[in-house]
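Here are some notes for a colleague who is opening this structure for the first time. They are set out as numbered points and may be read beside the sequence and the model.

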Amino acid sequence: TVVRMRHILRAVPLPEHVESEAIRIVMATQPGNQYSPSLVDEVVSLGASPRGVQGLILAGKVRALLQGRFAVAGEDLRAVAMDVLRHRVLVNFQGMSDGITADEVIASVLAHVPAVEG
């Protein structure tokens with residue numbers, strides 16, 4: 001049942017370093033943040049919120065289970081980041097006029113924020 005699946009999903013362990021990575025990725029989508037690449041500062045009007053972190057972690061748990069693992073890894077977060085964050089990043093007028101998409105912004109964030117394995 002759905003309730004059982006939710007219980008299993010919520011029980012998937014989330015290592016502290018992976019949680020920190022999720023937070024840094026989402027914070028990097030916000031202009032003027034210490035983790036954000038210059039592209040974000042230039043073309044993002046509004047970045048992802050804390051709900052983005054929740055979505056990233058939950059989707060990361062699903063991917064870990066689908067990959068046959070019982071704990072979330074940074075690679076899981078990065079694999080689902082586009083789908084989770086795409087609609088949470090608002091590109092400003094300058095970015096839109098330059099043809100920059102939310103996907104390009106997220107790719108820049110993922111390239112900029114170092115992966116942490118522990």
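1. Leucine 56 is a useful place to begin in this predicted model. Once its neighbours within four places in sequence are left aside, leucine 56 is in contact with Ala22, Ile25 and Val26 as well as with Leu77, Val80, Ala81 and Val84.

2. Leucine 56 also stands out in the largest nonpolar core, which has 28 residues, since Ile25, Leu56, Leu85 and Val105 are the ones that touch the most other members. The elements giving two or more residues to this core are helix 2, helix 3 (38–43), helix 4, helix 5 (74–85) and helix 7 (102–112).

3. Turning to how the helices pack, the axes of helix 2 (residues 16–27) and helix 4 (residues 50–66) come within 9 Å and cross at roughly 135°, which means that helix 2 is oblique to helix 4. The crossing in which helix 2 passes helix 4 is right-handed.

4. In that pairing, helix 2 brings Glu19, Ala22, Ile23, Ile25 and Val26, which meet Gly52, Val53, Leu56 and Ile57 in helix 4. By class, this contact of helix 2 with helix 4 has seven nonpolar residues, one polar residue and one charged residue.

5. Helix 2 has a further partner in helix 5: their axes come within 10 Å and cross at roughly 30°, and helix 2 is therefore roughly parallel to helix 5. Here, too, the crossing is described by its hand, with helix 2 passing helix 5 in a right-handed manner.

6. The residues making this contact are Val18, Glu21, Ala22, Ile25 and Val26 of helix 2, together with Gly74, Leu77, Arg78 and Leu85 of helix 5. They divide into six nonpolar, one polar and two charged residues.

7. At what angle do helix 1 (residues 2–10) and helix 4 pack? The angle is about 95°, with the two axes 10 Å apart, so helix 1 is roughly perpendicular to helix 4.

8. On the helix 1 side of this pairing are Ile8, Leu9 and Arg10, which meet Leu58, Lys61, Val62 and Leu65 in helix 4. Sorted by class, the residues in the contact of helix 1 with helix 4 comprise five nonpolar, no polar and two charged.

Terms used. Residues are numbered from 1 along each chain as its sequence is written. This is a predicted model: local features need pLDDT of at least 70, side-chain atom pairs count only at pLDDT 80 or more; totals for chains, interfaces and linings use all residues. Side-chain values use heavy atoms; hydrogens and water are left out. Axes are lines fitted to C-alpha atoms, for helices over the stretch in contact, and angles run from 0 to 180 degrees between N-to-C directions. Helices (H or I, at least four residues) and strands (E, at least two) are DSSP runs, numbered from the N terminus. Angles under 35 degrees count as roughly parallel, over 145 as roughly antiparallel, 65 to 115 as roughly perpendicular and the rest as oblique. A crossing is left-handed if the near helix is turned anticlockwise from the far one by less than a right angle, and right-handed if clockwise. Contact means heavy atoms within 4.5 Å. Ala, Val, Leu, Ile, Met, Phe, Trp, Tyr, Cys and Pro count as nonpolar, Asp, Glu, Lys and Arg as charged, and the others, Gly among them, as polar. A nonpolar core is a set of buried Ala, Val, Leu, Ile, Met, Phe, Trp, Tyr and Cys residues joined through side-chain atoms within 4.5 Å. Buried means under 20% relative accessible area, exposed over 50%, partly exposed in between (1.4 Å probe, protein chains only).
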